[in-house]
Amino acid sequence: MTETLPDGVQRREFDGADRLATRGEPVYGEPTDGEWRAWNPDRSKLGAMLELGMDTGLEGGDDETVLYLGAASGTTVSHVADFAGPTYAVEFAARPVRDLLEAAESRPRLFPLLKDARKPETYAHVVESDVDAIVQDVATRGQARVALENRQFLAEDGRLLLAVKARSEDVTKDPGEVFGEVREELEAGYEILESQRLEEYHADHLGIVARPR
């Protein structure tokens, strides 16, 4: 398997283990090696997707724009902002946004937004159109609907990188059934390029790479 990593993401050794890393200020107590900090896939769905060899389409570089939905306290989106260009971080809860703002202090390309990813009209005036990637990690019912409603921001050749949390959709259903339903709904606006269970790092999660139809 040929590993496809964005520019600005490397494999480096931390405490004797080979791990993904980006260059930036530490955010969540992760191991560091000079300017580099380890990217923990156990705490990051996107990190897990990269570790599992999924082709995210992320290239890295100052010109790559990203809309991150469900940024929480900044664990993953801070890594994204380390290697990408303008990175818009949408988070609904005020408490984690305070941590997100702290992570953004050393990252001029990271723009925290205290907004609800289910209501893209509330940040449409801020987020530029034709972003290169939407990264979505939103623990809510209707995760496919969130992706469809935010499709308006994605470039024609852009990528949706979606982490589906089965238990947020329906805790009573088998995760495989939930994933099938989410995929089916998502196909109303996206072509699914790749999907893979993230069980090695995150129970009852599915990683999806898709592009807009």
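Here are a few notes on the open and enclosed spaces in this model, and on one helix.

1. Ground rules: this is a predicted model, in which local features need pLDDT of at least 70, side-chain atom pairs count only at pLDDT 80 or more, and totals for chains, interfaces and linings use all residues. Residues are numbered from 1 along each chain as its sequence is written, and side-chain values use heavy atoms, with hydrogens and water left out.

2. The largest pocket holds about 330 Å³ of space. Its lining has 21 residues, and Gly70, Ala71, Ala72, Glu91 and Asp137 are the closest to the pocket centre. Two elements, α2 (75-83) and β6 (87-91), give two or more residues to that lining. For the terms: on a 1 Å grid over the protein atoms alone, a pocket is an open set of points with protein on both sides within 12 Å along at least five of seven lines, a cavity is a set where a 1.4 Å probe fits but cannot get out, and lining residues have an atom within 4 Å of a point. Grid points are joined across faces, edges and corners, and a volume is the space filled by probe spheres set on the points. Helices (H or I, at least four residues) and strands (E, at least two) are DSSP runs, numbered from the N terminus.

3. By class, the largest pocket's lining has eight nonpolar, six polar and seven charged residues. Here Ala, Val, Leu, Ile, Met, Phe, Trp, Tyr, Cys and Pro count as nonpolar, Asp, Glu, Lys and Arg as charged, and the others, Gly among them, as polar.

4. Next, the second largest pocket, with a volume of about 200 Å³. Its lining residues include Thr56, Glu64, Asp132 and Arg159. At least two come from each of β8 (131-136) and β9 (154-165), and β9 has the largest share, three residues. The split is two nonpolar, four polar and five charged.

5. As for enclosed space, there is one cavity of 30 Å³ or more, and the largest cavity has about 40 Å³. Among the residues lining this cavity are Leu46, Met49, Tyr68, Val135 and Leu161. α1 (45-51), β8 and β9 each supply at least two of the lining residues. Seven residues of the cavity lining are nonpolar, one is polar and two are charged.

6. Back to α2: nine of its nine residues are buried, so the helix is largely enclosed by the rest of the structure. Buried means under 20% relative accessible area (1.4 Å probe, protein chains only). Thr75, His79, Asp82 and Phe83 are among the buried residues.

Methods:
Buried < 20%, exposed > 50% of the residue type's maximum accessible area, 1.4 Å probe, protein only.
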